[in-house]
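Subject: Structure handover

Hello,

Here is the structure for you to look over. My notes follow below it.

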Amino acid sequence: SLVKMADTLTSAIKSNIAKPFTVIVEGNIGSGKTTFINHFKKYDNVCVLAEPVDLWRNCAGHNLLSYMYQDKARWGFTFQSYVQLTMLKLHTLETTHPVKLMERSIFSARYCFVEKMLRDGILPSPSGSVLNEWFKWVIAKSNVSVDLIIYLRTSPEIVYQRMLARNREEEKSVPLTFLKELHEMHEEWLYTKTSFSCPAPVITLNGDLDKSVIIDEYKKYESHILNKAP
Ligand code: DGT
C-alpha cells in the first residue's frame, strides 16, 4: 500500500542520514591526521569533522588537555570522560553527506589512551572501570559503527620531531618514551592486531612520508576512502 511505501522510504532516508560510510583516521600524536583530513575537505560528498582537540582545550572555559598533561593522576579520568563524550557526539552526528571522515574515534580513546593510563597505573582501576562501563554501554546502545580505518603508521622518533616543531603549549612536557609507548598501543590494536578487536578493516599508510609526497599515498586509496569503485 501507499502507507507502507511511505514508511519504507522514510526509514531508508533515516538510515541513510544516520549511517554514512564512516572513515576514521588513526595514528600517533603528530602522525599527520589533520593533514589527511584537510585533503578531503574539497570533496562535496564528504563530511569532514573538526578536530576535537579544540573542544578538550575549552570545556566551559577549562583547558582539560592542559590539566591532563600537568597532572595525569588528578585529571586523567576527567579528561578521558570528556574525550569519550565529544567522540560520541561526533560518531552520532547526523549528516546527509554519503561519507563521514573523522579524526580519531571513541575506539582509540579507549584502546590506546585509556588503556595506556591503566597500564601505567595512572588511572586507578575503579576510574577505569567507570569509563569502561560507559564505553561498553555506548558501543551497545548507540550507532558508533565504522566502515574503514586509515592507520597513519609512523616512527616515534619522527612524530617526536614533528611534535616539537609544532610546539603545542600543552605537549611541551611529552617525552619521546611516551610517544614510543603510544605507538605500541596503536600497533597492537591496528597492525599486529593483538590487543582489541578492530571495528573495521584497516588500510595502513606510511605516515613518516613528508607532507609533499604523502598526498600521492592518499590518492592511491582515495576510491576506498570515498567508497567509490576505482
Ligand atoms: P596529528 O594531526 O596527527 O598531528 O594529530 P594530533 O596530534 O593533532 O591529534 P591527536 O588526537 O593525536 O592528539 C591530541 C592530543 O590529545 C595529544 O596531545 C594527545 C592527547 N590525548 C590524550 N588522551 C587522548 C585521547 O583519549 N584521545 C586523543 N585523541 N587524544 C588524547
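**Overall picture**

The protein has 10 helices and 5 strands. Helices (H or I, at least four residues) and strands (E, at least two) are DSSP runs, numbered from the N terminus.

Before the details, two points on the basis. This is a predicted model, in which local features need pLDDT of at least 70 and side-chain atom pairs count only at pLDDT 80 or more, while totals for chains, interfaces and linings use all residues. Residues are numbered from 1 along each chain as its sequence is written, and side-chain values use heavy atoms, with hydrogens and water left out.

The radius of gyration is 18 Å, which agrees with the value near 17 Å for a compact globule of 230 residues. That radius is taken over C-alpha atoms, and the globule rule is 2.2 Å times the number of residues to the power 0.38. The C-alpha trace spans about 65 × 45 × 35 Å along its principal axes.

Of the 230 residues, 44% are buried. Buried means under 20% relative accessible area, exposed over 50%, and partly exposed in between (1.4 Å probe, protein chains only). The accessible surface is about 11900 Å², and 56% of that belongs to carbon and sulfur atoms. Areas come from the Shrake-Rupley method with a 1.4 Å probe; for residues, only the protein chains shown count as cover.

Contact means heavy atoms within 4.5 Å. Among contacts between residues at least 6 apart in sequence, 74% join residues at least 24 apart.

**Strand 1 and its partners**

Strand 1 covers residues 21–27, and 7 of its 7 residues are buried. Phe21, Val23, Val25 and Gly27 point one way. Thr22, Ile24 and Glu26 point the other way.

Which strands pair with strand 1? Strand 3 does, in the parallel sense, over 5 bridges. Strand 4 (residues 148–153) also runs parallel to strand 1, again with 5 bridges. Two strands pair if DSSP finds at least two bridges between them. Val23 stands opposite Leu101 in strand 3. Gly27 stands opposite Leu152 in strand 4.

**Tyr151 and helix 9**

Tyr151 lies in strand 4. Its relative accessibility is 1%, so Tyr151 counts as buried. Leaving out residues up to four places away in sequence, Tyr151 touches Glu26 and Gly27, among others. Its other contacts include His183, His186, Glu187, Leu190 and Tyr191. Val202, Ile203, Thr204 and Leu205 are also on the list. The C-alpha atoms of Tyr151 and Lys33 are separated by 9.2 Å, with their positions 118 residues apart along the chain.

Helix 9 spans residues 176–191. Its buried residues include Phe178, Leu179, Leu182, His183, Met185, His186, Glu187, Trp189 and Leu190.

**Positive phi**

Most residues other than glycine have a negative phi. Three places to check:

- Ala60 has a positive phi of about 50°. Ala60 is in the loop between helix 3 (53–56) and helix 4 (64–70). Its relative accessible area is 76%, so Ala60 is exposed.
- Arg104 has a positive phi near 60°. Arg104 sits in the loop between strand 3 (99–103) and helix 6 (106–119). Is Arg104 buried or exposed? Buried, with a relative accessible area of 9%.
- Lys193 follows helix 9 and has a positive phi near 50°.

Best wishes
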